[in-house]
Amino acid sequence: MKLNLGPPPQKLLAGNIRITGSKSESNRLLLLQGLFPNLKIENISNSDDAQVMGKGLAIENGTVDIRHAGTAMRFLTSYFASQEGKEVLLTGSQRMTERPIGVLVDALRSMGAKIEYAQNEGYPPLKIIGQKLVEKSVSIPANISSQYISSLLMIGPNLPNGLELELVGKITSVPYIKMTLALLDQIGVENTFGGNRIKVGHKKVVEERTLVVESDWSSASYFYSIIALSEVGSEITLSSYKEESLQGDSVLSSIYKDFGVETHFGAHEITLKKISKSKAKIEQDLANAPDIAQTIAVTCFGLGIGCHLTGLHTLKIKETDRLEALFTELSKLGCDISVTDKSLTINPSETMNSDIVIDTYNDHRMAMAFAPLAMKTRLKINDAEVVSKSYPDFWKDLKSLYFDIKKL
C-alpha cells in the first residue's frame, strides 16, 4: 500500500488519541505468562509483533515463524532453549536471517542449551531442543542489544538455580533492562542489579494476578514530532500513560522540551502542547532510547534545525540499517546529513523537496517517523502497511487529526 500524505487544513492541531499497549512490555509479559500461566494481561499491544509472540509461545513442537519480529526471535530463543522436551525450528523473514544472534546462542550454550544453526553460523533459523538448564552463571557482552540480556533474565525464574548474569563492558539501553527487572518485581521474583551483575531468583509458582500494560511511548514519539512541527498553541492528548514509566522512551517528555513541546501528565494520560519555538540545535546521546532516533532526526529536518545524535550503534541491526536508511531518505528530501556507524549529524537547511517517495525498508519506524513531515510538505510513503508491526491504527489516528491521506 502506497499513501500520499498532506497536512491537516487547520493551523492549530487538537485531538485525543488512545494508543495501544507497549510492545516492549507486552512481549515481556507474554513470555512471563508462558512460564506462569496464571498471570493475566490487560491493554496488551495489538501489534503484529505481540501477536507473533503470543502464537509462538503456544507452539509445542515444529516451526515457529516470527517474521520481522526481532524481539520475539530473541525472547523465544531463550524460552524454547529452557523448555525441556520442546523441539522447534525458530525462523523468520529474510531480514531476520541477516540479524545476528550468536552472542545469545553462545550464552545459552554455556548454560547447557542445545541450539544449532539451520543455515548460517551466528544467524537464524535456529534448531532448538529444550533442556533443563542447571548452570546459573553466564556472561554476555553489555554493549549489545538489551533484548539479549532481557531474554536471559526472563527465563531466570524458571531455572532450577536461578540466574547470575555478568555484563561485560559498558551497558547499553539500561532502561529496558530495568523494565524487565521491574516486571519480575511485579510478579514476586527476587532480583538484584549492582554494577555489572544481575541476579534473578528461582520462582516455582507466582500468585494469580492481572498486570496492565502501559501504552507505548515509542508510538507517542510520532505525535511529539507532529506537535513540534505544528503552530504554537497546538495540543494532542494521548492515553494511557503514567509519569513513573518503565519505558526508556518516556525520556521524550524531557527531550522534546528542546523542540518547544511541553508534556502535562494527567491521571492516565499526557497532553502535548506546543508552547514555543525550537532550540537552534539538538544534541542527544540516545544509547538508552535508540528507537526514537529516527523521529528526532526527522523532526530536526522538518524544523530546519541542526542535530547531532550519538549512541546509535544498535540501529544497524534493527529491521533495517536505520542509519543508512535515514541517510538515504532524508537526502532525497534535501537534507544535509552525515552518518557514522554510531552517530548522525544534520546541518540546518531551509530546503525541503516536495512529493518525494519515502521507502520504508520493511521498517515500521521509517514509515511513522517520516509521516509528521506531511505538516510541512506533501510526501508519499511506500509499503505504508508496515506500521502494523507495532502500531496498526497509526494511519487511522492521523486521519482523526485531519491529515490528508490518500491511497495511491
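# A four-stranded sheet, its helix and the spaces in the structure

Val168 lies in strand E9. The model in which this residue is seen is a predicted one, and Val168 is a convenient place to enter it. With a relative accessibility of 45%, Val168 counts as partly exposed, because that class covers values between 20% and 50%. Leaving out residues up to four places away in sequence, Val168 touches Ser139, Ile140, Pro141, Ala142, Asn143 and Asn196. One of these contacts spans a stretch of chain: Ala142 is 26 residues from Val168 in sequence, yet the two C-alpha atoms are 5.1 Å apart in space.

Strand E9 covers residues 163-168 and belongs to an open sheet of 4 strands. The order across this sheet is E8-E9-E11-E10, and the pairing is mixed. Strand E8 (137-141) and strand E10 (191-194) are at the edges with a single partner strand each, so one side of each has no neighbour in the sheet. On average, and with direction ignored, neighbouring strands here are turned by 15° against each other.

How are such strands held side by side? In general, strands of a sheet pair through backbone hydrogen bonds, and they do so in either a parallel or an antiparallel sense. In this sheet, E9 and E11 are antiparallel and share 4 bridges. Leu165 has Ile198 as its bridge partner in E11. On the other pairing of E11, E10 is joined to residues 197-200 by 4 bridges, and these two strands also run antiparallel. Here Phe193 has Ile198 as its bridge partner, and Asn191 stands opposite Val200. Ile198 thus appears as a partner of Leu165 and of Phe193.

E10 and E11 form a hairpin with 2 residues between the strands. In this hairpin, Gly195 takes a positive phi near 60°.

Which residues of E11 point to the buried face, and which to the other? In a regular strand, the side chains alternate between the two faces of the sheet. E11 shows this alternation: Ile198 and Val200 point to one face and are buried, whereas Arg197 and Lys199 point to the other face and are not buried.

Helix H5, made of residues 146-155, lies across E8, E9 and E11. The helix runs at about 165° to E9. How much of H5 is buried? The count is 10 of the 10 residues, so the helix is largely enclosed by the rest of the structure. Among these buried residues are Ser146, Gln147, Tyr148, Ile149 and Ile155.

The loop between H5 and E9 contains Pro157. Pro157 is buried, because its relative accessible area is 0% and the limit for buried is under 20%. Neighbours within four places in sequence aside, Pro157 is in contact with Phe36, Leu184, Val189, Val200, Gly201, His202 and Lys203. Val200, one of these contacts, is also one of the buried residues of E11. Pro157 and Ile144 are 13 residues apart in sequence, and their C-alpha atoms are 23 Å apart in space.

The remaining topic is empty space. A search of the whole structure finds 2 cavities of 30 Å³ or more. The largest cavity has a volume of about 300 Å³. Its lining consists of 24 residues, and Lys23, Thr71, Gln147, Asp291 and Lys318 lie nearest its centre. Helix H1 (23-35), helix H3 (70-81), H5 and helix H11 (364-370) are the elements that give two or more residues to this lining. Gln147 therefore has two roles in this account, as a buried residue of H5 and as a residue near the centre of the largest cavity. By class, the lining of the largest cavity has 2 nonpolar, 10 polar and 12 charged residues.

The second largest cavity holds about 30 Å³ of space. Gly70, Met73, Arg74, Met96, Arg99, Pro100, Ile101 and Pro124 line this cavity. They divide into 5 nonpolar, 1 polar and 2 charged residues.

The largest pocket has a volume of about 310 Å³. It is lined by 17 residues, and Leu229, Ser230, Glu231, Met375 and Lys376 lie nearest its centre. The lining of this pocket is made up of 8 nonpolar, 4 polar and 5 charged residues.

Technical notes
Residues numbered from 1 in each chain as written. Predicted model: local features only at pLDDT ≥ 70, side-chain atom pairs only at ≥ 80, totals over all residues. Heavy atoms only, no water. Pairing = 2+ DSSP bridges. Axes fitted to C-alpha atoms, helices over the stretch in contact; angles between N-to-C directions. Contact = heavy atoms within 4.5 Å. 1 Å grid on protein atoms, 1.4 Å probe; cavity = no way out; pocket = protein on both sides within 12 Å on 5 of 7 lines; lining within 4 Å. Points joined across faces, edges and corners; volume = space filled by probe spheres on them. Nonpolar A, V, L, I, M, F, W, Y, C, P; charged D, E, K, R; others polar. Buried < 20%, exposed > 50% of the residue type's maximum accessible area, 1.4 Å probe, protein only.
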